[in-house]
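Here's a quick tour of a protein model, written for someone just getting used to reading structures. Keep the picture open and look for each residue as it comes up.

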Amino acid sequence: MNKELLERFSKAELIALIEIYSKNCLAMDGVWFQSIENKRGMDEAMEHDANAWRQFTKIEARKIKEFLRLPDNSGIQGLKQALSLRFYANVNAYEITENGNEIIFKMLDCRVQNARKRKGLDFHPCKPVGIIEYCGFAEVIDSRFDCEAVSCYPDITDSSCSCAWRFTLRENEELPERQSGE
């Protein structure tokens, strides 16, 4: 990284650069996906997408967790902070609501689905991969979270958003007892 060059930019310019990087990352995700989709079909593209997200989401979560200096099992507040720093959080409109031991994360406007619509493509059937992505991300932040899709294409139940995810924190979860000799 050319730190000297970055230090020349204003805070506003650095924020704009982060937005560019986020859009580029999202674009790269779409480009490789469509390459496989066009050559091998949606099923194979989805298989590779699931494999990529299974790894990437945990990498992203670990790096954000480290950046925020979140302890293990950082609960609702830790997950809310971490979700807000995901790479696409700067380029998609979203909201996070908290209710007791759960949060609902709603992607209000999705650049992926918007781009597919503009190109005349079918919507990305993101629910199966989204389950891998969101559940894997939450697990790294706090292993006590259960995650479920509330609304996600192709199973849209909430027309106010592109997708919605529920994260429920299992409180007072007992840790497994260690066996003697461990």
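Let's begin with R116 in this predicted model. Leaving out residues up to four places away in sequence, R116 touches F33, Q34, E37, M42, L121, D122, F123 and H124. You'll find R116 in helix α5, which covers residues 111-118. Is this arginine buried or exposed? R116 counts as buried because its relative accessibility is 3%, and the cut-off for buried is under 20%.

Two of those partners, F33 and E37, also turn up where helices α2 and α3 meet. On the α2 side of that contact sit D29, W32, F33, I36, E37 and R40. Across from them, α3 brings M42, E44, A45, M46, H48, D49, A52 and W53. What kinds of residues make up this contact? By class, there are eight nonpolar residues, one polar residue and five charged ones.

How do you describe a pair of helices like that? For two packed helices, you give the angle between their axes and the distance between the axes. For α2 and α3, the angle is about 145 degrees and the axes lie 7 Å apart. The crossing of α2 past α3 is right-handed.

Now for the greasy part. The largest nonpolar core has 35 residues, and the members touching the most others are L79, L83, Y134, F137, W165 and F167. Which elements supply at least two residues each? They are the helices α2 (11-40), α3 (42-68), α4 (75-84) and α6 (127-141), along with the strands β2 (102-109), β3 (145-152) and β4 (163-169).

F167 is a good one to click on. Not counting neighbours within four places in sequence, F167 is in contact with L79, L83, N101, E102, I103, F105, Y134, A138, F145, D146 and C147. L79, L83 and Y134 in that list are also among the core residues that touch the most other members.

On to the strands. How many of the eight residues in β2 are buried? Six are, so you can think of β2 as mostly covered, buried here being under 20% relative accessible area. β2 pairs with β1 (residues 93-99) in the antiparallel sense, over seven bridges. In that pairing, K106 of β2 stands opposite E95. β1 and β2 form a hairpin with two residues between them, and G100 in the turn has a positive phi of about 65 degrees. β2 also runs antiparallel to β4, and six bridges join them. One of these links M107 to its bridge partner C163 in β4.

Last, some backbone oddities in the loops. The peptide bond between Y153 and P154 is cis, with omega about 15 degrees. P154 lies in the loop between β3 and β4. The loop between α3 and α4 holds R69, and N73 is in the loop between α3 and α4 too. Each has a positive phi although it isn't a glycine, as the table shows.

| Residue | Phi | Relative accessibility |
|---|---|---|
| R69 | near 60 degrees | 75% |
| N73 | near 55 degrees | 35% |

Why does R69 count as exposed? Its relative accessibility is 75%, and exposed means over 50%. N73 has 35%, so N73 is partly exposed.

Methods
Residues numbered from 1 in each chain as written. Predicted model: local features only at pLDDT ≥ 70, side-chain atom pairs only at ≥ 80, totals over all residues. Heavy atoms only, no water. Core = buried A, V, L, I, M, F, W, Y, C linked by side-chain atoms within 4.5 Å. Buried < 20%, exposed > 50% of the residue type's maximum accessible area, 1.4 Å probe, protein only. Helix = DSSP H or I, 4+ residues; strand = E, 2+ residues; numbered from the N terminus. Contact = heavy atoms within 4.5 Å. Axes fitted to C-alpha atoms, helices over the stretch in contact; angles between N-to-C directions. Left-handed = near helix turned anticlockwise from the far one by under 90°. Nonpolar A, V, L, I, M, F, W, Y, C, P; charged D, E, K, R; others polar. Pairing = 2+ DSSP bridges.
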